[in-house]
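Subject: Handing over a structure

Dear colleague,

I am passing on the structure below, and after it I set out what was found. Please read the notes with the chain open beside them.

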Amino acid sequence: MAADTSNPELLTLRFKNHKTTILLLVSRQESFTSVKAKLLDAIKSTGVTQVNEQPLPRKADDVILGVPIDNNDPSQGWIDLEIPDIEDDGGKKAKKTSVLNATPLGAGLKDGMVLAFKFRQEGAKDDGMDIDDNEWDVVLPTFDDEEGSQVNGGDKGDAQAEDGDQA
């Protein structure tokens, strides 16, 4: 029996890393800590030990989520979902936690939305201020009008029919 997705409290989110897409059903009120743990558990349940040559982290805290800079055009890049702590005038970090960091509802996520994910490398410092698109490895499928076929990231070498003939 299929899961009941008519519950308005639940969202289906698409998590992407390179050409990998993982769909998760999460509550709008669920913490992002829990969402990251579910994502990591879903990946581990498939038996893989790495995603796009990146080893899986041991802790869900080492999963970093990103949202599209422009929801209507994810090809414009991604930005960290987590808002960094802000330093006050004395150079100390404020202890305020943003509501946007807490839940999908607080972050304004909608059903079917795409989020990018990556893994924090051991020993790497993450200051949360990095919005460099090169840090997010997400390949979005595109449609090539001339060839009439779906192509991942514009690489025409991937556009082959099931029987091996060129599309």
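A residue counts here as buried if its relative accessible area is under 20%, as exposed if that area is over 50%, and as partly exposed in between. By that scale Ser 34, which is found in helix α1, counts as partly exposed because its relative accessibility is 28%. The C-alpha atom of Ser 34 is separated by 9.4 Å from that of Thr 103, although the two residues are 69 apart along the chain.

Please keep in mind throughout that this is a predicted model. The protein chain averages a pLDDT of 78, and 65% of the residues score at least 70. Among the elements of the chain, helix α1 has the highest mean pLDDT, at 96, whereas strand β9 (residues 149–152) has the lowest, at 58. Two stretches call for particular caution: pLDDT stays under 50 over residues 128–134, for which the model has nine contacts beyond four places in sequence, and again over residues 154–167, for which there are 17 such contacts. Where pLDDT is low, the predicted coordinates should not be read in detail.

As for the overall composition, the protein chain has one helix and nine strands, and along the sequence these follow the pattern β-β-α-β-β-β-β-β-β-β. Of the 167 residues, 29% are buried, and the chain exposes about 11,000 Å², of which carbon and sulfur atoms supply 47%. If one takes the contacts between residues at least 6 apart in sequence, 51% of them join residues at least 24 apart.

The sheet is the next topic. Five strands form an open sheet, in the order β2-β1-β7-β5-β6, and the pairing is mixed. Its edge strands are β2 (20–27) and β6 (78–80), each of which pairs on one side only, and from one strand to the next the twist averages 40 degrees. Strands of a sheet pair through backbone hydrogen bonds, either parallel or antiparallel.

Both senses can be followed from β1. Strand β1 (residues 10–17) runs parallel to strand β7 (residues 114–119), to which three bridges join it, and Phe 15 stands opposite Leu 115 in β7. Helix α1 (residues 32–45) packs on this sheet, where it touches β1, β2, β5 (63–68) and β7, and its direction makes about 135 degrees with that of β2. With β2, on the other hand, β1 pairs in the antiparallel sense over eight bridges, and within that pairing Arg 14 has Leu 23 in β2 as its bridge partner.

The strands β1 and β2 form a hairpin with two residues between them, and in its turn His 18 has a positive phi of about 55 degrees. Lys 19 is likewise found in the loop between β1 and β2, and it is partly exposed, with a relative accessible area of 42%. Lys 19 also provides a long-range pair: Leu 140 is 121 residues away in sequence, yet the two residues are 7.5 Å apart in space, C-alpha to C-alpha.

Turning to charged side chains, the structure holds two salt bridges. In one of them the side chains of Glu 30 and Lys 38 meet at 3.3 Å, N to O; Glu 30 is buried, with a relative accessible area of 12%, whereas Lys 38 is partly exposed at 35%.

Asp 62 forms a salt bridge with Arg 120, with the closest N and O atoms 3.8 Å apart. Asp 62 lies in the loop between β4 (54–55) and β5, while Arg 120 lies in the loop between β7 and β8 (141–144), so this pair ties together parts of the chain that are 58 residues apart in sequence. Here, too, a buried residue meets a partly exposed one, since Asp 62 counts as buried at 16% relative accessibility and Arg 120 is partly exposed, with a relative accessible area of 24%.

With best wishes

Notes
Residues are numbered from 1 along each chain as its sequence is written. This is a predicted model: local features need pLDDT of at least 70, side-chain atom pairs count only at pLDDT 80 or more; totals for chains, interfaces and linings use all residues. Side-chain values use heavy atoms; hydrogens and water are left out. Two strands pair if DSSP finds at least two bridges between them. Helices (H or I, at least four residues) and strands (E, at least two) are DSSP runs, numbered from the N terminus. Axes are lines fitted to C-alpha atoms, for helices over the stretch in contact, and angles run from 0 to 180 degrees between N-to-C directions. Contact means heavy atoms within 4.5 Å. pLDDT is the predictor's confidence in each residue, from 0 to 100. Buried means under 20% relative accessible area, exposed over 50%, partly exposed in between (1.4 Å probe, protein chains only). Accessible areas come from the Shrake-Rupley method with a 1.4 Å probe; for residues, only the protein chains shown count as cover. A salt bridge is a side-chain nitrogen of Lys or Arg within 4 Å of a carboxyl oxygen of Asp or Glu.
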